[in-house]
Amino acid sequence: MQRVIEGHRRFHAEVFPARKQQFHLLRDSQAPEFLFITCAVSRIVPDMILGTGPGDLFISRNAGNVVPVNAPEGDGVTATIEYAVEVLKVSHAILCGHSDCGALKAAVNTKALETLPKAKRWLKHVEAAFQHRQPLNPEDGDGAELASLIRGNVIAQLANLKAQPAVAWAMQQGTLAVHGWYYDILSGRIERYDEKLRRFVPLLG
Ligand SMILES: [Zn+2]
């Protein structure tokens, strides 16, 4: 605990004063350009991998970067999406999965979920990934099977994201673009799903 208290001490003494003006601009409002939906995993630090900062990303995180199927009662994820699109009017919604994702590992080895009833229930949302498995990529080494499923999950969740009424409407109006990404922890590289080619390609071309 001491580590994070000391971290905050440094932030308050050094970082905050240097960026005071930026934080003051954000005091009463925000206008993020991006909705970023990703896994709860500690190994993705969005602002670090994207070079963004305060006020840039509106973030929703959960195990498996899930977007539940559209349903009238909604939930925390879809309520966040609705707010980001309808009120904040983000221009881009990015759904980002990652290599070695425990949520997809658990979907393969459901035994691991026997003592975790809530996680087990939540991860039913990733089962659609099995229908969208991607071709094996030799660069993924031993993790190729899992990586193909994780990429499949990005495609499955992307479809759920597009089916959210607020998202569908904004896309139709041309005010929102939706993106599916795969972040590789080992190389630090991002791939994007190319809807026309129907495969993942490097984000950096
Ligand atoms: Zn994950």
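Which residues have the most contacts inside the largest nonpolar core? In this predicted model, they are Leu35, Ile81, Val85, Leu104, Leu161 and Leu176, and the core they belong to has 47 residues.

Several helices and strands build this core together. Strands S1 (34–39), S3 (92–98), S4 (177–184) and S5 (189–194) each supply at least two residues, and so do helices H4 (76–86), H5 (102–108), H7 (144–163) and H8 (165–173). Helix H7 gives the most, with 8 residues.

Take a moment to find Val85 in the structure. Leaving aside its neighbours within four places in sequence, Val85 is in contact with Val90, Ala166, Val167, Ala170 and Leu176. Leu176 also appears among the core residues with the most contacts.

Now follow the chain to strand S5, which pairs with S4 and also with strand S6 (residues 199–202). The table sets out the two pairings.

| Strands | Sense and bridges | Residues between the strands | Positive phi | Facing residues |
|---|---|---|---|---|
| S4 and S5 | antiparallel, 4 bridges | 4 residues | Gly188, near 75° | Tyr182 and Glu191 |
| S5 and S6 | antiparallel, 4 bridges | 4 residues | Arg198, about 55° | Arg192 and Val201 |

Each pairing is a hairpin: Gly188 belongs to the hairpin of S4 and S5, while Arg198 lies in the turn between S5 and S6.

Finally, look at the surface. Met1, Val4 and Ile5 make a nonpolar patch of about 340 Å². Ile5 sits in helix H1 (residues 2–18). Why can Ile5 be called partly exposed? Because its relative accessible area is 39%, and partly exposed covers values between the 20% limit for buried and the 50% limit for exposed.

How values were computed
Residues are numbered from 1 along each chain as its sequence is written. This is a predicted model: local features need pLDDT of at least 70, side-chain atom pairs count only at pLDDT 80 or more; totals for chains, interfaces and linings use all residues. Side-chain values use heavy atoms; hydrogens and water are left out. Patches are made of residues with over 30% relative accessible area and no salt bridge: like charges are joined within 9 Å, nonpolar side chains (Val, Leu, Ile, Met, Phe, Trp, Tyr) within 5 Å. Accessible areas come from the Shrake-Rupley method with a 1.4 Å probe; for residues, only the protein chains shown count as cover. A salt bridge is a side-chain nitrogen of Lys or Arg within 4 Å of a carboxyl oxygen of Asp or Glu. Buried means under 20% relative accessible area, exposed over 50%, partly exposed in between (1.4 Å probe, protein chains only). A nonpolar core is a set of buried Ala, Val, Leu, Ile, Met, Phe, Trp, Tyr and Cys residues joined through side-chain atoms within 4.5 Å. Contact means heavy atoms within 4.5 Å. Two strands pair if DSSP finds at least two bridges between them.
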